[in-house]
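Trainee: I should like to go through the reasoning behind several structural terms. May we take them one at a time?

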Amino acid sequence: MPGAIYAEGLVKTFGDVRALDGVDLDVPEGTVLGLLGPNGAGKTTAVRVLTTLIKPDSGSASVAGIDVLRKPDEVRRSIGLSGQFAAVDEYLTGRENLRMVGQLYQMSARDAKARAGELLERFDLADAADRIAKTYSGGMRRRLDLAAALVVSPPVMFMDEPTTGLDPRNRQALWEVIQELVAGGTTLLLTTQYLEEADHLAHDICVVDHGRVIARGTSDQLKARTGGERVEVVVRSPEHIAPADAVLRGFGKGTSSVEKHTRRVTVPVSGGAKLLAEVIRELDGRGIEIDDIALRRPTLDDVFISLTGHAAESDAGETAGTAGTAGTAGTTGTTGAAGTTDTTGPAEAEEPGAQQEVSS
């Protein structure tokens, strides 16, 4: 039985660019799928297709058991969407923005007001609740947009790089909100450039590159695929870098790497904690003073580099403008801030020609 989010053979081209090249997804109900990939890999294009913002050239998809192509209006009533950039009404206050979204979801005025108050507190916006959004900082607008996506708890949520621009405290707060939603049965597709975010939240991870899914599995499965453990040593002084490198190469199972500016030497190994003790004894016997030593497993950064050939890119290159929060009950207009489908915003960098597609 297909999952709450299901896609088979999705293809989408923009001119000569094949943004999606046969993408398959299957996200079980009540789980989080982390969709990772470099800028231009196709992540946001996939989200735009699944949330009915654009149509694929071929392939099929369903969300909450509803066919995306045949019944887009029903899909919109069943989802929430937070796009890459805040989509709020600048001339309404924070409280008014959230109350408006609630009433568009056909909540009573009383319930919408109560929910707005809860979310303003949760996202640390209570002190600015009655200021117009135009006066908010970028981070505050982002938090308000995320709050708008959570006014109701739809069965399926899409969050496209939701924590971009948030400070660590607010990022952690959003993680807690996401975990509560999923614990309550919500299914979430999350795209992110913060690999530790996917590591922390996602039950399963798909890595996409050039419009294709190139790897999938749990965080542990992907890390195991990348390789084994490594020993990292930070020496006390620069003159100890070379001798420490020589020691580690003697224990290593591959090429060592040296970062002179951090005085860090790293080498892949096998043998676990027992080997670490031997390394420490050897370093001590040679009089090499260290500030830190650790046995580390591969990180998702290592997975990303191994699979795509380069590190995850920063969010600065993304210029997408997808809908703020999609899925307003009974509405099919184009008001992104209100939580409905926004088909007039600029397309992301990975989609050459996408704006013409969306605006047509």
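Mentor: The discussion below concerns a predicted model and takes up one loop residue and two helix pairs.

Trainee: Why is Thr-31 called buried?

Mentor: Its relative accessibility is 17%, and buried means under 20%; Thr-31 therefore counts as buried. The residue lies in the loop between strand S2 (17-27) and strand S3 (32-36). Leaving aside residues up to four places away in sequence, Thr-31 touches Val-182, Thr-186, Thr-187, Leu-188 and His-203.

Trainee: What makes the approach of the Thr-31 side chain to the backbone oxygen of Pro-28 a polar contact?

Mentor: The side chain of Thr-31 reaches that oxygen of Pro-28 at 2.7 Å, and the cut-off for such a pair of N or O atoms is within 3.5 Å.

Trainee: Why is H3 described as oblique to H4?

Mentor: The axes of H3 (residues 94-104) and H4 (residues 109-122) cross at roughly 135 degrees and come within 8 Å. Angles of 65 to 115 degrees count as roughly perpendicular and those over 145 as roughly antiparallel; the crossing fits neither class, so H3 is oblique to H4. H3 passes H4 in a right-handed crossing.

Trainee: Which residue classes make up the contact of H3 with H4?

Mentor: That contact has six nonpolar, four polar and three charged residues.

Trainee: Which residues form the contact between H9 and H10?

Mentor: The axes of H9 (residues 241-251) and H10 (residues 272-285) come within 10 Å. H9 contributes Ala-244, Val-247, Leu-248 and Phe-251, while H10 contributes Leu-275, Glu-278, Val-279, Glu-282 and Leu-283. By class, seven are nonpolar, none polar and two charged.

Conventions. Residues numbered from 1 in each chain as written. Predicted model: local features only at pLDDT ≥ 70, side-chain atom pairs only at ≥ 80, totals over all residues. Heavy atoms only, no water. Axes fitted to C-alpha atoms, helices over the stretch in contact; angles between N-to-C directions. Helix = DSSP H or I, 4+ residues; strand = E, 2+ residues; numbered from the N terminus. Contact = heavy atoms within 4.5 Å. Nonpolar A, V, L, I, M, F, W, Y, C, P; charged D, E, K, R; others polar. Parallel < 35°, antiparallel > 145°, perpendicular 65-115°, else oblique. Left-handed = near helix turned anticlockwise from the far one by under 90°. Buried < 20%, exposed > 50% of the residue type's maximum accessible area, 1.4 Å probe, protein only. Polar contact = N/O pair within 3.5 Å; in protein donor to acceptor, adjacent residues only side chain to side chain.
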